[in-house]
Amino acid sequence: MAHVQRMSTMMLKTLRDDPADAETASHKLLVRAGYVRRTSAGIWTWLPLGKKVLENVSRVVREEMDAIGGQEVLLPALLPKEPYETSGRYEEYGDLLFRLQDRKGAEYLLGPTHEEIFTLTVKDQCTSYKDLPVIVYQIQTKYRDEARPRSGVLRGREFQMKDSYSFDASDEGLAEAYRLHREAYTRIFARLGLDYRIVSAVSGAMGGSASEEFLAPAAAGEDTFADCPSCGFAANTEAVTAVVPPVPETEHGPVEELDTPDTPTIETLAEHLGVPASATLKNLLVKVDSEITAVGVPGDREVDLGKLAEHLAPAVVELVTAEDFDGRPDLVRGYVGPQGLAGKAFRYLADPRVAPGTAWVTGANKADTHARNVVCGRDFEVDEYLDVVVVEEGDPCPRCGEGLKLDRAIEIGHIFQLGRKYADTFGLDVLGQNGKPVRVTMGSYGIGVSRAVAALAEQTHDDAGLCWPREIAPADVHIVAAGKAQQTELALDIAQRLAEAGTRVLVDDRAGVSPGVKFTDAELIGVPTILVAGRRAAEGVVELKDRRTGEREELPVAEAIARVTA
Ligand code: ATP
Ligand code: MG
């Protein structure tokens, strides 16, 4: 028998006003409807209603992971630092890692993800090819000291993740484990009622299927994905490679200096010279592990500093400050050009559009002066090409060349063919069929369980509040007792009968709360079916309301029960 949740005794306080710091709908509504409360920045308490929803998501994930042969385990969240030192991630993670010491001064971390420990666990448990393949997973609390823990549970510093890992003796085995996960994820997100897209998470150069993300389109998302309306190509913009048009063979004139007073920005320069911003070369100066480095990109493009940092990791990337120009007369702020300096005064990184043979207007390394006809390969060399500019709407599709569409989305899952990286690090071999050791190959697969709750709230809410699909909702039906004793009696009687039929019921039997407040709360809480014991309770007639469509119908009790349990 399902349990009746009575609002008269439940620890639940809904709020009329949005929390002051909330920007996203899911953050506002999950707090207002009493699902979660902020305990500290990026650290959340799940209250009774919220815990139910979180459990429902976990159950769906668990069922589908079990269905592909996943074995559930639970690793610790408090981890010794040594395996992460061995893999190099203790360093690489930098500030994202929560680090701590025990009473003896031994160092630990709170796990951000568990590749290292799973590899060691499998090394301990599996010794022969006969022990493989293995898919192991856990649903567990993860810790990441995120720089900007905004948006409520969408980006927590403590959050729930399902992480699974596959171990195989062959590449074909890994491909199969990856395929199984891809299908399981498809079923999970469909059951959760999420609208999602599967997009490539790595640039084409690394091969199409090695890593894909499951993205839930939503304005509150922090990821942007590119979608090609022409060929169906879809990728996280982080994985879109620049398409460089062929460079025509042209004889360029010699470098020519131009007097350009008061033009320290691309906009002022382009206007002064009457050229498009795309004809200018912007040189962004950064410090890479304290070394001054320049990044050359067409003047109409923005550098994505996150992408840049990722490319150069574990080196630390910082923007230059005024002090960095002290004692560097060769670097004229606002008028830097690569000619004469690239590869000498600084390492020169550039966007692939700054291709050999292209000519640019750029800084002349003199105050108030620019230079024209500065040709790549003739007047300067690029040390390294990097895909670090922000992809823009209309950029050519890397597959077919048509203009890309851009949309915001929330990353809800990520599947990744890791290969032998961790097996190499930890020497994970099994005895092969021929008696020789075989190096194991591995996949890693994540789902943001707590983030999925927020993603679902983002996609399904309306002006009145949350609006859950039934499988995920904290109850199947929300019964409102309008207020009079007889109405409450009927509401509780129906609640009992529904519970006996296995239906999950939330009943608003609070005394002294006006019907108006109860109706508003029911809309806010977002259970898909609302049953009202009101005006016609004495005749045994109740009202059924569909939370999503707002459709309402008056029905005799027996019929209403039949409808809800159907
Ligand atoms: P993001 O780019 O959003 O920081 P990520 O790529 O670093 O995420 P993964 O390491 O791929 O995250 O983790 C697997 C899944 O865990 C993600 O797809 C996401 O759904 C979830 N997740 C990651 N970070 C957080 C977080 N801070 N709060 C809630 N969920 C998260
Ligand atoms: Mg990811």
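**View 1. Strand contributions to the shell around ligand 1 in the predicted model.** Strand S22 gives the largest share of the shell around ligand 1, namely four residues. Two strands, S9 (158–168) and S22 (405–419), each supply at least two residues of this shell.

**View 2. Residues surrounding ligand 1.** In this predicted model, ligand 1 is surrounded by 13 residues, and the closest are Arg144, Glu146, Arg155, Gly156 and Glu411. Sorted by side-chain character, the shell around ligand 1 consists of five charged, four polar and four nonpolar residues.

**View 3. Polar contacts between arginine side chains and ligand 1.** The side chain of Arg144 places an N or O atom 2.9 Å from an oxygen atom of ligand 1, and for Arg155 the distance from a side-chain N or O atom to an oxygen atom of ligand 1 is likewise 2.9 Å. A polar side-chain atom of Arg451 lies 3.0 Å from an oxygen atom of ligand 1. Of the 590 Å² of accessible area that ligand 1 has on its own, the protein covers 82%.

**View 4. Protein donors of the magnesium ion (ligand 2).** Glu411, through OE, and His414, through ND1, are the protein donors of the magnesium ion, and they lie 2.3 Å from it. Glu411 is also listed among the closest residues to ligand 1. Because its relative accessibility is 21%, Glu411 counts as partly exposed, and His414 is likewise classed as partly exposed because its relative accessibility is 25%; buried would require a value under 20%.

Note on methods: Residues numbered from 1 in each chain as written. Chains lettered and ligands numbered in written order. Predicted model: local features only at pLDDT ≥ 70, side-chain atom pairs only at ≥ 80, totals over all residues. Heavy atoms only, no water. Donors = N, O, S within 2.8 Å, 3.2 Å for Na, K, Ca; no water. Buried < 20%, exposed > 50% of the residue type's maximum accessible area, 1.4 Å probe, protein only. Near = heavy atom within 4 Å. Polar contact = N/O pair within 3.5 Å; in protein donor to acceptor, adjacent residues only side chain to side chain. Areas by Shrake-Rupley, 256 points an atom, 1.4 Å probe, with all protein chains shown as cover. Nonpolar A, V, L, I, M, F, W, Y, C, P; charged D, E, K, R; others polar.
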